[in-house]
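These notebook entries record what I looked up in one structure. I began with the strands and then turned to the helices.

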Amino acid sequence: MTKPLPDCSTRRMLLAGTVALFGLCTLRHARSAPDEHATHRAEVAEAAQGQVRRSLESYRVPRVEMRDQHGNRVRFDRELDDGRGVILNFIFTSCAAICPVMTQIFSQVQSKLISQGDKVHMVSVSIDPEYDTPQRLLAYAKEYHAAAQWDFYTGTNDASVAVRKAFDAYRGDKMNHAALTLMRAPGSQQWVRLDGFASPEQIVREYRAIAR
């Protein structure tokens, strides 16, 4: 059984209590997750402490079919190669912990970029495609006031896994989801990877540095 979407007041409480939420998440995984998830628990603990790890990576976007929030069937690699820079994250709409925080951060990034006339494709990929239909993604997008430059994608489970693995973001179960932001300049094959809760200001600053 899937969890219902939290209401707006719940989301605001979650956003205000990011560190506390991650402390609980870390404790839960420490009690229940097998030893092979020790690395993930360390990443969660690091994110809870407000640390962001930056790295430069080369990824090959897989040629898989996805569906956007409007129900359009698209090829994902072409969606990310339309002449614009890309800022990307992974979410799922029934998430009650890190996803509302990450999506609120993206909403603030969008506002900052639009106000300055930046041309960038913001991309949020669902890691729960069985539940996250295009209709649910569209409702989620509207809740966070996503503009035309911000798209949400779902697809088959195989397609979702392929995209996550391509970006070294696959952690098995969706509850092992970690905060991650990826960005690429127009025409570049190099990605800036930010592991942890990067602030809207940091994301905008990093993107503008590579998009010059």
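The entries below are set out by topic.

**Entry 1: the sheet**

I note at the outset that this is a predicted model. I looked up the strands and found that 8 of them form an open sheet with mixed pairing. Their order is β1-β8-β7-β4-β5-β6-β2-β3. The edge strands are β1 (53-58) and β3 (73-75), each of which pairs on one side only. I also looked up the twist: on average, neighbouring strands of this sheet are turned by 30 degrees against each other, with direction ignored.

**Entry 2: strand β2 and its partners**

I then followed β2 (residues 65-68). It runs antiparallel to β6 (residues 150-154), to which 2 bridges join it. Within this pairing I found Arg 67 opposite Thr 154 of β6. Strand β2 is also antiparallel to β3, with 3 bridges between the two. Here the bridge partner of Glu 65 is Arg 75 in β3. The hairpin of β2 and β3 has 4 residues between the strands, and in it Gly 71 takes a positive phi near 90 degrees.

Which side chains of β2 are buried, and which are not? I found that they alternate along the strand. Met 66 and Asp 68 point to one face and are buried, whereas Glu 65 and Arg 67 point to the other and are not.

**Entry 3: helices against the sheet**

I looked up which strands helix α5 (residues 98-115) lies across, and found β4 (85-91), β5 (120-126), β6 and β7 (180-184). The helix runs at about 160 degrees to β4. Helix α8 (residues 200-211) packs on the sheet as well, touching β1, β4, β5, β7 and β8 (190-195). The direction of α8 makes about 20 degrees with that of β7.

**Entry 4: helix α8 and Tyr 207**

I checked the length of α8. Its 12 residues should span 16 Å at 1.5 Å a residue, and its end C-alpha atoms are 16 Å apart, which agrees. The buried residues of α8 are Pro 200, Gln 202, Ile 203, Val 204, Glu 206 and Tyr 207. Their cover includes β1, β4, α5, β5, β7 and β8.

I took Tyr 207 from this helix for a further look. Its relative accessible area is 2%, so Tyr 207 counts as buried, the cut-off being under 20%. Among the residues that Tyr 207 touches, leaving out those up to four places away in sequence, are Gly 85, Val 86, Ile 87, Leu 113, Val 120 and Met 183. Tyr 207 and Ile 87 are 120 residues apart in sequence, yet their C-alpha atoms are 7.9 Å apart in space.

**Entry 5: helix α6**

How are the buried residues of α6 placed around the axis? In α6 (residues 134-143) I found Pro 134, Leu 137, Tyr 140 and Ala 141 buried. They cover an arc of only 120 degrees around the axis, and therefore lie on the same side of α6. An α-helix has 3.6 residues a turn, so residues three or four places apart point the same way. On the other side of α6, Gln 135 and Lys 142 are exposed. After α6 comes His 145, with a positive phi near 55 degrees.

**Entry 6: Thr 93**

Last, I looked up Thr 93, which is placed in the loop between β4 and α5. Is Thr 93 buried or exposed? At 1% relative accessibility, Thr 93 counts as buried. Its side chain is joined to that of Asp 132 by a polar contact of 2.4 Å.

Note on methods
Residues numbered from 1 in each chain as written. Predicted model: local features only at pLDDT ≥ 70, side-chain atom pairs only at ≥ 80, totals over all residues. Heavy atoms only, no water. Pairing = 2+ DSSP bridges. Axes fitted to C-alpha atoms, helices over the stretch in contact; angles between N-to-C directions. Contact = heavy atoms within 4.5 Å. Buried < 20%, exposed > 50% of the residue type's maximum accessible area, 1.4 Å probe, protein only. Polar contact = N/O pair within 3.5 Å; in protein donor to acceptor, adjacent residues only side chain to side chain. Arc of directions from axis to C-beta. Expected span 1.5 Å × (residues − 1).
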